[in-house]
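The exercises below ask you to read a model step by step, each with a task and a worked solution. Please look over the sequence and the structure before you begin.

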Amino acid sequence: MDDVTARPGAPLAIAAALLAAFCYSVASTYAKSAKAVEPFANAHGSMWAATLLVIPALPFFPAPAVATPGIMAAALALGCCAAGLPTSCISS
């Protein structure tokens, strides 16, 4: 286990994973208590909040390489299929 935590960037990745878990717990608690907020509006708002919180960090964590067309297609497919389609199916 020491091999993994000794790698460059490992502490930052571990901290990010812990912060993500904490954010999921806050979001779950909020979703249970905010009955008046529609699920679509709640999901939409959380995506915008995540975007706005990540943007200021971009200059500090540049991409290590240019994304290939395959990587961009995979990200687009995940965004559309994993987030877009289920949301559109639920709201219709």
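**Exercise 1. The surface and the fold**

What area does the protein chain expose, and what share of it do carbon and sulfur atoms supply? State also which elements the chain contains, in order, and what share of its residues is buried.

Solution. Keep in mind from the start that this is a predicted model. Beginning with the surface, the protein chain exposes about 7800 Å², and 77% of that area is supplied by carbon and sulfur atoms. Turning to the elements, the chain holds four helices and zero strands, and, read from the N terminus on, the order is α-α-α-α. As a last step, take the cut-off for a buried residue, which is under 20% relative accessible area; buried residues make up 2% of the 92 residues in the chain.

**Exercise 2. The largest pocket**

Describe the largest pocket by its volume, by the residues closest to its centre, and by the classes of residue in its lining.

Solution. The volume of the largest pocket is about 820 Å³. Its lining consists of 20 residues, of which Cys23, Tyr24, Ser46, Ala50 and Leu53 are the closest to the centre. Sorting the lining by class gives 16 nonpolar residues, four polar ones and no charged ones. The next step is to ask which elements take part: α2 (10-33) and α3 each supply at least two lining residues, and it is α2 that gives the most, with ten residues.

**Exercise 3. One residue of the lining**

Place Ser46 in its element, and decide whether Ser46 is buried, partly exposed or exposed.

Solution. Ser46 is found in helix α3. Because its relative accessible area is 38%, Ser46 counts as partly exposed, a class that lies between the cut-offs of 20% and 50%. For its surroundings, compare Ser46 with Ala27: the two are 19 residues apart in sequence, while their C-alpha atoms are 8.3 Å apart in space.

**Exercise 4. A nonpolar patch**

Which residues form a nonpolar patch on the surface, and where in the chain is the place of Ile55?

Solution. The patch is formed by Trp48, Leu52, Val54, Ile55 and Leu58, which together have about 530 Å² of accessible area. Among these residues, Ile55 sits in the loop between α3 (39-54) and α4 (69-91). With a relative accessible area of 45%, Ile55 is therefore partly exposed.

Technical notes. Residues are numbered from 1 along each chain as its sequence is written. This is a predicted model: local features need pLDDT of at least 70, side-chain atom pairs count only at pLDDT 80 or more; totals for chains, interfaces and linings use all residues. Side-chain values use heavy atoms; hydrogens and water are left out. Patches are made of residues with over 30% relative accessible area and no salt bridge: like charges are joined within 9 Å, nonpolar side chains (Val, Leu, Ile, Met, Phe, Trp, Tyr) within 5 Å. Accessible areas come from the Shrake-Rupley method with a 1.4 Å probe; for residues, only the protein chains shown count as cover. A salt bridge is a side-chain nitrogen of Lys or Arg within 4 Å of a carboxyl oxygen of Asp or Glu. Buried means under 20% relative accessible area, exposed over 50%, partly exposed in between (1.4 Å probe, protein chains only). On a 1 Å grid over the protein atoms alone, a cavity is a set of points where a 1.4 Å probe fits but cannot get out, and a pocket is an open set with protein on both sides within 12 Å along at least five of seven lines; lining residues have an atom within 4 Å of a point. Grid points are joined across faces, edges and corners, and a volume is the space filled by probe spheres set on the points. Ala, Val, Leu, Ile, Met, Phe, Trp, Tyr, Cys and Pro count as nonpolar, Asp, Glu, Lys and Arg as charged, and the others, Gly among them, as polar.
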